[in-house]
Amino acid sequence: MNNFNFYTPTEFVFGKDTEIQTGTLIKAHRGSKVLIVYGGGSVVRSGLLSRVKQSLDTANIAYVEMGGVQPNPTDPKVYEGISLGRKEKIDFLLPVGGGSVIDTAKAIALGIPYEGDFWDFYAGISIPEKALPIGVVLTIPAAGSEGSGNSVITKLDGLKKISLRTPKVLRPVFAVMNPELTFTLPSWQTACGITDMMAHIMERYFNNTPEVEVTDRLSEGLLKAIIDEAPRVLSEPENYEARANIMWAGTLAHNGICGTGCEEDWASHFMEHEISAVYDVSHGAGLAVIFPAWLTYMAEHHPEKVAQYAIRVWNVSPHADKHATALEGIARLKAFLHSIGMPLTFHELGIDEPDIELLVNKLHANKGDVVGKYLPLDRNASKQIYEIANT
């Protein structure tokens, strides 16, 4: 096991009607003027935004609003929020929504006190040292951004989709999590979220670090719980307990606990980021295509941990050949993903003729000559994985 720091200061306020505590929570963290960030009209139509604003009014906290954040969030909305936040002298960010909204709010929180271009942080030019505090009212369990210091933004110039990892600076100070707010999520969005949270766990699970049995078992148990709850939450969308388990799983998948003591991989996420940047597909659906393809390549070239995953997570009986064991586990993962409505190929994702050369070029331009840690991928390897996803 490697040395590690595990820092999770976020206060999670979980359960029914917890959104009415938002104003009190902001006041406890000394927020006095808030920028509320949200996406489409669902938080308005459901009455959630009204309840949140009422809680701010009750706590005598001033606020301004910025709606219209889209999935796969882009830099123009960040610049809009930075300009509005500076003009209104806001001192606290409150995203109400899912990962795209939270990631946008995080970028705004970095940009307001920074004299340069917020993109400097995503491009690796500057290291984040301070940001305005962020609280979250979560409506979509998927990205885990409510409990992490991570943010992903696409720069439209060049379609560069880049993730920023700041273990301390961008972690929300609180996250309000009411599973009832997820009852009306469409099946597609629910399934994409389930796929995303599973991928967050697997990016950490597939590593070469020896003697991480406790962390491995945490990851395996969480994956098995998600696999068990997924059919129930899709067939019974207003089942509070199923929604609660999935919501909490999304947070645990990405708050860092599943990576303690390990060298993480993240190649599959980086490969998917290029797909969703170029073709604007749902991130979870893109991961459903890429992760099995990545695993298939690994079964051939580095099967050890893939075989363990097959045995422990998918209950595959061990074969003498680790490659065969790994392939059976991958087959069961693919069957599961199909059962919840996810695509497995570019064609099923709606991309009949993917420009694989473009994807490979963008991947390595953004991430370097080699990508990932479990088995570092050069251009030839990443091309092969994209090609597997296209069959």
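## A quick tour of the sheet, a cavity and a pocket

V37 pairs with M66 as its bridge partner in β3. That's one small link in an open sheet of six strands, with parallel pairing. Keep in mind that this is a predicted model. Below, we walk through the sheet, take a closer look at strand β2 and its residue V34, and then turn to a cavity, a pocket and residue N5.

**The sheet**

- Reading across the sheet, the strands come in the order β1-β8-β5-β4-β2-β3.
- At the edges sit β1 (residues 11-14) and β3 (residues 62-66), each of which pairs on one side only.
- Going from one strand to the next, the twist averages 20°.
- Helix α5, made of residues 99-111, lies across β2, β3, β4 and β5 (135-138). Its direction is at about 165° to β4.

**Strand β2 and its neighbours**

- Which strands does β2 pair with in the parallel sense? One is β3, over five bridges, and another is β4, also joined to β2 by five bridges.
- For the β4 pairing, the residue ranges are 33-38 for β2 and 92-97 for β4.
- V37 has a bridge partner in β4 too, namely P95, alongside its partner M66 in β3.
- L35 is matched with L93 in β4.
- Why is β2 largely enclosed by the rest of the structure? Five of its six residues are buried, so the surroundings close it in.

**V34, a buried spot in β2**

- V34 is part of strand β2, and is buried because its relative accessible area is 0%, against a cut-off of under 20%.
- Leaving aside residues up to four places away in sequence, V34 touches I26, L56, I61, A62, Y63, V64, I90, F92 and L94.
- V34 and E65 are 31 residues apart along the chain, yet their C-alpha atoms are separated by 8.3 Å.

**The cavity**

- How many cavities of 30 Å³ or more does the structure hold? There's one.
- The largest cavity has a volume of about 50 Å³.
- Three helices each give two or more residues to the lining of this cavity: α7 (187-205), α11 (283-301) and α13 (322-339).
- The residues lining the largest cavity are T195, M198, A199, M202, L287, A288, F291, P292, L333 and L337.
- By class, that lining has nine nonpolar residues, one polar residue and no charged ones.

**The second largest pocket**

- The second largest pocket has a volume of about 430 Å³.
- It's lined by 22 residues, and the closest to its centre are N5, R165, P167, R171 and E264.
- What is the lining made of, by class? For the second largest pocket, it comes to five nonpolar, twelve polar and five charged residues.

**N5, an exposed residue in the pocket lining**

- N5 lies in the segment before β1, and is one of the residues closest to the centre of the second largest pocket.
- Is N5 buried or exposed? N5 is exposed, because its relative accessible area of 81% is over the 50% cut-off.
- N5 and D321 are 316 residues apart in sequence, and from C-alpha to C-alpha they are 37 Å apart in space.

Technical notes
Residues are numbered from 1 along each chain as its sequence is written. This is a predicted model: local features need pLDDT of at least 70, side-chain atom pairs count only at pLDDT 80 or more; totals for chains, interfaces and linings use all residues. Side-chain values use heavy atoms; hydrogens and water are left out. On a 1 Å grid over the protein atoms alone, a cavity is a set of points where a 1.4 Å probe fits but cannot get out, and a pocket is an open set with protein on both sides within 12 Å along at least five of seven lines; lining residues have an atom within 4 Å of a point. Grid points are joined across faces, edges and corners, and a volume is the space filled by probe spheres set on the points. Ala, Val, Leu, Ile, Met, Phe, Trp, Tyr, Cys and Pro count as nonpolar, Asp, Glu, Lys and Arg as charged, and the others, Gly among them, as polar. Two strands pair if DSSP finds at least two bridges between them. Helices (H or I, at least four residues) and strands (E, at least two) are DSSP runs, numbered from the N terminus. Axes are lines fitted to C-alpha atoms, for helices over the stretch in contact, and angles run from 0 to 180 degrees between N-to-C directions. Contact means heavy atoms within 4.5 Å. Buried means under 20% relative accessible area, exposed over 50%, partly exposed in between (1.4 Å probe, protein chains only).
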